[in-house]
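Me: Could you walk me through reading this fold with me, one feature at a time? I would like to begin with the surface and then work inward.

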Amino acid sequence: MTVAAIEPGERGATRIADRVVAKIAARAAREALRTGVPEDGDAPSAAVTVHRGSAHVRVTLDLDYPCDIGAQCGAVRRQVTERVETLAGMTVPEVSVQVERLHSARSRAAAQGRTR
């Protein structure tokens, strides 16, 4: 008994859910942060809209202060684009980065009752 080869066009299709792409993007954003996630901050989160093989990504994150906000956001954009293209096989024409909060060492110390 032999099995006939199925033509590639008749094998079906693979669909990657938006929430899976969002998890890839959030993880990539976490990887891109040089200083890491602030100790009292939230991990990056992502929302994704996929349409015809393109993923439009919105990343929300917290950053330590002081830092080069523009450089951090640029690094997040590059890493998210590269990881989504590599792992999901989608083009990423847009990555919006929203900085939700800035966390400073001074505000952390004040919250703990230790100020200089």
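Reply: Gladly. Let's start with what a patch is: patches are made of residues with over 30% relative accessible area and no salt bridge, and nonpolar side chains are joined within 5 Å. Keep in mind that this is a predicted model.

Me: Which residues make the nonpolar surface patch here?

Reply: Tyr65, Ile69 and Leu102 make a nonpolar patch of about 270 Å². Ile69 belongs to helix α2, which spans residues 69–88.

Me: Is Ile69 buried, exposed or partly exposed?

Reply: Buried means under 20% relative accessible area and exposed means over 50%. Ile69 has a relative accessible area of 32%, so Ile69 is partly exposed.

Me: Good. What is the order of elements from the N terminus on?

Reply: The protein chain runs α-β-β-α-β-α, with three helices and three strands.

Me: How do the strands come together, and in what order?

Reply: They form an open sheet in the order β1-β2-β3, with mixed pairing. The edge strands, β1 (45–51) and β3 (91–104), each pair on one side only. From one strand to the next, the twist averages 15°.

Me: Where does the mixed character come from? In what sense do β1 and β2 pair?

Reply: Take the two pairings in turn. β1 pairs with β2 (residues 54–65) in the antiparallel sense, over seven bridges. β2 and β3, in contrast, run parallel and are joined by 11 bridges.

Me: Which residues could I click on to follow the bridges?

Reply: Try Val48, whose bridge partner in β2 is Val57. Val57 in turn has Val95 as its bridge partner in β3, so to speak a path across the sheet. Val50 is paired with Ala55 of β2.

Me: What links β1 to β2?

Reply: The two strands form a hairpin with two residues between them. Arg52, in the turn, has a positive phi of about 55°.

Me: How do the helices sit on the sheet?

Reply: Helix α1 (residues 18–32) packs on the sheet and touches β1 and β2, its direction making about 135° with that of β1. Helix α2 lies across β2 and β3, and runs at about 140° to β3.

Me: Why is β2 largely enclosed?

Reply: Nine of its 12 residues are buried, so β2 is largely enclosed by the rest of the structure. For the protein chain of 116 residues, 32% count as buried.

Note on methods. Residues are numbered from 1 along each chain as its sequence is written. This is a predicted model: local features need pLDDT of at least 70, side-chain atom pairs count only at pLDDT 80 or more; totals for chains, interfaces and linings use all residues. Side-chain values use heavy atoms; hydrogens and water are left out. Patches are made of residues with over 30% relative accessible area and no salt bridge: like charges are joined within 9 Å, nonpolar side chains (Val, Leu, Ile, Met, Phe, Trp, Tyr) within 5 Å. Accessible areas come from the Shrake-Rupley method with a 1.4 Å probe; for residues, only the protein chains shown count as cover. A salt bridge is a side-chain nitrogen of Lys or Arg within 4 Å of a carboxyl oxygen of Asp or Glu. Helices (H or I, at least four residues) and strands (E, at least two) are DSSP runs, numbered from the N terminus. Buried means under 20% relative accessible area, exposed over 50%, partly exposed in between (1.4 Å probe, protein chains only). Two strands pair if DSSP finds at least two bridges between them. Axes are lines fitted to C-alpha atoms, for helices over the stretch in contact, and angles run from 0 to 180 degrees between N-to-C directions. Contact means heavy atoms within 4.5 Å.
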